[in-house]
Amino acid sequence: MSTIFERIIDGEAPATIVYQDDLVTAFKDINPIAPVHILIVPNKAIPSVQEVEAEDEAMLGRMFTVARKIAEEQGLAERGYRLIVNCGDEGGQEVYHLHMHLLGGKSLGPMLDRKFRL
Ligand code: AMP
(Lines give C-alpha, C1' and ligand atoms only; values in the text may rest on other atoms or scores of the structure.)
Protein backbone atom coordinates (compact mmCIF):
# COMPACT_ATOMS: atom_id res chain seq x y z
CA MET A 1 0.00 0.00 0.00
CA SER A 2 1.43 3.40 -0.92
CA THR A 3 2.08 6.04 1.72
CA ILE A 4 1.27 9.75 1.56
CA PHE A 5 4.94 10.40 0.84
CA GLU A 6 4.82 8.29 -2.35
CA ARG A 7 1.86 10.32 -3.54
CA ILE A 8 3.72 13.57 -2.79
CA ILE A 9 6.79 12.34 -4.71
CA ASP A 10 4.57 11.43 -7.67
CA GLY A 11 2.81 14.82 -7.58
CA GLU A 12 -0.50 13.20 -6.68
CA ALA A 13 -0.81 14.80 -3.23
CA PRO A 14 -0.14 18.44 -2.31
CA ALA A 15 3.08 19.50 -0.61
CA THR A 16 5.52 22.38 -0.67
CA ILE A 17 8.38 20.71 -2.48
CA VAL A 18 11.70 22.50 -1.95
CA TYR A 19 13.95 20.08 -3.87
CA GLN A 20 13.60 17.06 -6.15
CA ASP A 21 16.05 15.03 -8.23
CA ASP A 22 16.37 11.49 -9.54
CA LEU A 23 16.98 10.00 -6.06
CA VAL A 24 15.32 12.18 -3.42
CA THR A 25 12.51 14.66 -2.80
CA ALA A 26 12.35 17.28 -0.03
CA PHE A 27 9.21 19.04 1.15
CA LYS A 28 7.96 21.03 4.12
CA ASP A 29 6.57 19.06 7.05
CA ILE A 30 2.83 19.64 7.31
CA ASN A 31 3.05 19.93 11.13
CA PRO A 32 6.33 21.75 11.78
CA ILE A 33 7.98 21.66 15.20
CA ALA A 34 10.65 24.25 14.32
CA PRO A 35 10.77 27.35 12.08
CA VAL A 36 12.48 25.17 9.47
CA HIS A 37 11.12 21.61 9.29
CA ILE A 38 11.74 19.85 6.02
CA LEU A 39 11.51 16.14 5.19
CA ILE A 40 14.05 14.58 2.83
CA VAL A 41 12.80 11.30 1.44
CA PRO A 42 14.07 8.77 -1.11
CA ASN A 43 12.00 8.55 -4.28
CA LYS A 44 12.18 4.77 -3.86
CA ALA A 45 9.58 3.42 -1.45
CA ILE A 46 11.76 2.05 1.37
CA PRO A 47 9.68 1.69 4.57
CA SER A 48 12.40 2.37 7.14
CA VAL A 49 16.11 2.13 7.93
CA GLN A 50 15.49 -1.57 8.62
CA GLU A 51 14.89 -2.15 4.91
CA VAL A 52 17.87 -0.26 3.46
CA GLU A 53 20.32 -2.31 1.40
CA ALA A 54 23.85 -1.75 0.13
CA GLU A 55 22.39 -0.85 -3.28
CA ASP A 56 20.69 2.14 -1.61
CA GLU A 57 23.93 3.76 -0.47
CA ALA A 58 24.00 6.39 -3.25
CA MET A 59 20.49 7.48 -2.34
CA LEU A 60 21.32 7.53 1.38
CA GLY A 61 24.36 9.71 0.69
CA ARG A 62 22.24 12.02 -1.47
CA MET A 63 19.90 12.55 1.50
CA PHE A 64 22.83 14.09 3.39
CA THR A 65 24.18 16.24 0.56
CA VAL A 66 20.67 17.55 -0.08
CA ALA A 67 20.25 18.21 3.66
CA ARG A 68 23.42 20.30 3.55
CA LYS A 69 22.24 22.21 0.47
CA ILE A 70 18.82 22.97 1.95
CA ALA A 71 20.36 23.96 5.30
CA GLU A 72 22.55 26.46 3.47
CA GLU A 73 19.58 27.81 1.49
CA GLN A 74 17.59 28.19 4.71
CA GLY A 75 20.40 30.13 6.41
CA LEU A 76 21.17 27.35 8.87
CA ALA A 77 24.75 26.50 7.90
CA GLU A 78 26.34 28.76 10.52
CA ARG A 79 23.56 28.54 13.11
CA GLY A 80 23.35 24.76 13.15
CA TYR A 81 20.49 22.34 12.74
CA ARG A 82 19.41 18.79 13.51
CA LEU A 83 18.85 15.77 11.29
CA ILE A 84 16.61 13.00 12.64
CA VAL A 85 15.64 9.62 11.21
CA ASN A 86 13.03 7.79 13.25
CA CYS A 87 12.83 4.02 12.85
CA GLY A 88 10.01 1.74 13.94
CA ASP A 89 7.49 1.92 16.72
CA GLU A 90 9.73 2.80 19.67
CA GLY A 91 11.73 5.10 17.40
CA GLY A 92 8.58 7.17 16.94
CA GLN A 93 8.17 6.55 13.20
CA GLU A 94 4.68 7.42 11.95
CA VAL A 95 5.04 7.32 8.17
CA TYR A 96 6.58 4.11 6.80
CA HIS A 97 8.47 5.69 3.94
CA LEU A 98 12.06 6.37 5.01
CA HIS A 99 12.62 10.07 5.71
CA MET A 100 15.07 12.46 7.32
CA HIS A 101 13.80 15.46 9.29
CA LEU A 102 15.81 18.67 8.84
CA LEU A 103 15.05 20.93 11.79
CA GLY A 104 16.39 24.39 12.56
CA GLY A 105 15.78 28.09 12.95
CA LYS A 106 15.78 28.04 16.75
CA SER A 107 17.87 26.56 19.53
CA LEU A 108 16.79 22.92 19.62
CA GLY A 109 18.16 22.10 23.06
CA PRO A 110 19.22 18.61 24.12
CA MET A 111 18.58 15.76 21.72
CA LEU A 112 15.86 14.15 23.81
CA ASP A 113 13.45 15.63 26.33
CA ARG A 114 14.40 14.76 29.90
CA LYS A 115 11.24 12.68 30.32
CA PHE A 116 12.55 10.25 27.71
CA ARG A 117 15.87 9.73 29.49
CA LEU A 118 16.71 6.76 31.70
P1 AMP B 1 7.89 10.36 11.64
O2 AMP B 1 7.29 10.44 13.02
O3 AMP B 1 9.40 10.40 11.68
O4 AMP B 1 7.36 9.20 10.83
O5 AMP B 1 7.49 11.71 10.94
C6 AMP B 1 6.44 11.81 10.03
C7 AMP B 1 6.30 13.27 9.70
O8 AMP B 1 5.54 13.38 8.51
C9 AMP B 1 5.60 14.10 10.77
O10 AMP B 1 6.46 15.16 11.21
C11 AMP B 1 4.37 14.64 10.04
O12 AMP B 1 4.03 15.94 10.44
C13 AMP B 1 4.80 14.56 8.59
N14 AMP B 1 3.72 14.44 7.61
C15 AMP B 1 2.70 13.58 7.63
N16 AMP B 1 1.89 13.77 6.56
C17 AMP B 1 2.45 14.78 5.84
C18 AMP B 1 2.11 15.44 4.63
N19 AMP B 1 1.01 15.11 3.94
N20 AMP B 1 2.92 16.43 4.18
C21 AMP B 1 4.02 16.77 4.88
N22 AMP B 1 4.40 16.19 6.04
C23 AMP B 1 3.62 15.21 6.51
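**Talking through the sheet and its cores**

Trainee: In E2, which residue is the bridge partner of Tyr19?

Mentor: Keep in mind that this is a predicted model. Look at strand E1, residues 17-20, and strand E2, residues 24-28: they run antiparallel and are joined by three bridges. Tyr19's partner in E2 is Ala26.

Trainee: And which residue in E2 does Ile17 stand opposite?

Mentor: Stay with that hairpin of E1 and E2, which has three residues between the strands. Across from Ile17, in E2, you'll find Phe27.

Trainee: Okay, zooming out: which strands stand at the edges of the sheet?

Mentor: Start from the order of the five strands in this open, antiparallel sheet, E1-E2-E3-E5-E4. A strand at the edge has a single partner strand, so one of its sides is left without a neighbour in the sheet. From one strand to the next the twist averages 15°, by the way. The edge strands are E1 and E4 (81-84).

Trainee: What angle does H2 make with E3?

Mentor: Find H2 where it lies across E1, E2, E3, E4 and E5. Relative to E3, it runs at about 155°.

Trainee: Which element gives the largest share of the largest nonpolar core?

Mentor: That core has 17 residues, and Ile38, Ile40, Met63 and Ile70 touch the most other members. At least two residues each come from E2, strand E3 (36-42), helix H2 (57-73) and strand E5 (100-104). The largest share is six residues, and they come from H2.

Trainee: How many residues are in the second core?

Mentor: This one is separate from the core we just discussed. Its members include Ile9, Ala13, Phe27 and Leu39. You already met Phe27 as the residue opposite Ile17. The residue count for this second core is seven.

Trainee: Back to Met63: leaving aside neighbours within four places in sequence, which residues is it in contact with?

Mentor: Met63 is one of the residues that touch the most other members of the largest core. Leaving out its neighbours within four places in sequence, its contacts are Val24, Ile40, Pro42, Leu98, His99 and Met100.

Trainee: Last one: is Thr3 buried or exposed?

Mentor: Thr3 lies in the segment before helix H1 (4-9). Beyond its neighbours within four places in sequence, it is in contact with Val95, Tyr96 and His97. Buried means under 20% relative accessible area. Thr3 has 16%, so the call is buried.

Technical notes
Residues are numbered from 1 along each chain as its sequence is written. This is a predicted model: local features need pLDDT of at least 70, side-chain atom pairs count only at pLDDT 80 or more; totals for chains, interfaces and linings use all residues. Side-chain values use heavy atoms; hydrogens and water are left out. Two strands pair if DSSP finds at least two bridges between them. Helices (H or I, at least four residues) and strands (E, at least two) are DSSP runs, numbered from the N terminus. A nonpolar core is a set of buried Ala, Val, Leu, Ile, Met, Phe, Trp, Tyr and Cys residues joined through side-chain atoms within 4.5 Å. Buried means under 20% relative accessible area, exposed over 50%, partly exposed in between (1.4 Å probe, protein chains only). Contact means heavy atoms within 4.5 Å. Axes are lines fitted to C-alpha atoms, for helices over the stretch in contact, and angles run from 0 to 180 degrees between N-to-C directions.
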